[in-house]
Every structure is written in structure tokens, then in C-alpha cells.
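Work through the exercises below with the model open. Try each task before reading its solution.

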Amino acid sequence: MLDIDGFRQINDRFGHAGGDRVLVEVARVLRAHLRRSDRVGRFGSDEFMVLLPGLALDRTQAMAARLAQALAKLSVPGVPTTLSARFGVVGVGDGESITDAFRRADARLLAAGATTLQPPQRPFPGHGSIA
């Protein structure tokens, strides 16, 4: 999961149209950096869920770092600000529900400082996909 830092302030300063442009551009950047098998979708006001099936946990963390760098370079017309995001990276263990994995990712996201990537959290025994 990722959460755009300061999104409320972007909406307040540049209006909802500016915020909408940011969301569209963030989604575009995320899709551009992912594999065909990966999935991304908006999961709330300023949160996105990224699913990276079959990718090892260390490679998922590296992907999160690349996404953070790409977002920092993003230029959105009419919104002169530098974007950053927090990430909650976890692995989904065999037999673990996606709901439980989501809860763990959300907790890690909340614990992460702005633009800080925490070490990834290993899945429960049996190693599964990455969320």
C-alpha cells in the first residue's frame, strides 16, 4: 500500500481539480513502473494498493523505493509541489486472507514516516505473494 503525503493540503491549496490531476498522474506513474502481471488501484482518498504477485519481498521493497523516486520526480500541471508517499510493504503468506495481509500493510503504512521505507515484513510461514 502507499499513501500520498500531504494530499489534503494539495486539495486545500490547489482545489479538488488539482488533487484529481495528482491522483491521475500518480496512477499513471505507478502503472508505468509495474509489470503486466501486477495490479494497482486506488484504495481510498489518497491511498493506492499495489499487488506484485510472485515477486520476492526484497525485490518488492526495491520496487517501492523506485516508485517513491518516480513520484518525487513527478510534475503535475497546475500543482507546483514535490510529491512523496509512505509505503506499507508486506508479503501474503500461504493460507493468510487478503484482509489480514491488508491489515498488516495498513498498520505498516501508518507506522511509516513520510517518505520512509520500512524493512519489508515477511509473510507468515509458507511464503506467498506480495502486497
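Three exercises follow, on a predicted model.

**Exercise 1.** Decide where E25 lies, whether E25 is buried or exposed, and what E25 touches.

Solution.
- Step 1: Place the residue. E25 sits in helix α1, which covers residues 7-33.
- Step 2: Check the area. The relative accessible area of E25 is 19%. Buried means under 20%, so E25 counts as buried.
- Step 3: Look for a polar partner. The side chains of E25 and R28 are joined by a polar contact of 2.8 Å.
- Step 4: List the contacts. Leaving out residues up to four places away in sequence, E25 touches L74 and V76.

**Exercise 2.** Test the length of helix α2 against its expected span, then find its buried residues and what covers them.

Solution.
- Step 1: Count. Helix α2 runs over residues 57-73, which is 17 residues.
- Step 2: Compare. At 1.5 Å a residue, α2 should span 24 Å. The end C-alpha atoms are 25 Å apart, so the two values agree.
- Step 3: Read off the buried residues of α2: L57, T60, Q61, M63, A64, L67, A70 and L71.
- Step 4: Find the cover. β1 (2-4), α1 and β4 (85-87) are among what covers these residues.

**Exercise 3.** Work out how confidence varies along the chain.

Solution.
- Step 1: Take the whole chain. Mean pLDDT is 85, and 85% of residues reach 70 or more.
- Step 2: Turn to residues 114-131. Here pLDDT stays under 50. The model has 63 contacts beyond four places in sequence for this stretch. Read those contacts alongside that pLDDT.

Technical notes: Residues are numbered from 1 along each chain as its sequence is written. This is a predicted model: local features need pLDDT of at least 70, side-chain atom pairs count only at pLDDT 80 or more; totals for chains, interfaces and linings use all residues. Side-chain values use heavy atoms; hydrogens and water are left out. Helices (H or I, at least four residues) and strands (E, at least two) are DSSP runs, numbered from the N terminus. Buried means under 20% relative accessible area, exposed over 50%, partly exposed in between (1.4 Å probe, protein chains only). A polar contact is a pair of N or O atoms within 3.5 Å; within protein, one must be able to donate a hydrogen and the other to accept it, and residues adjacent in sequence count only if both atoms are side-chain atoms. Contact means heavy atoms within 4.5 Å. pLDDT is the predictor's confidence in each residue, from 0 to 100. The expected span of a helix is 1.5 Å times one less than its number of residues.
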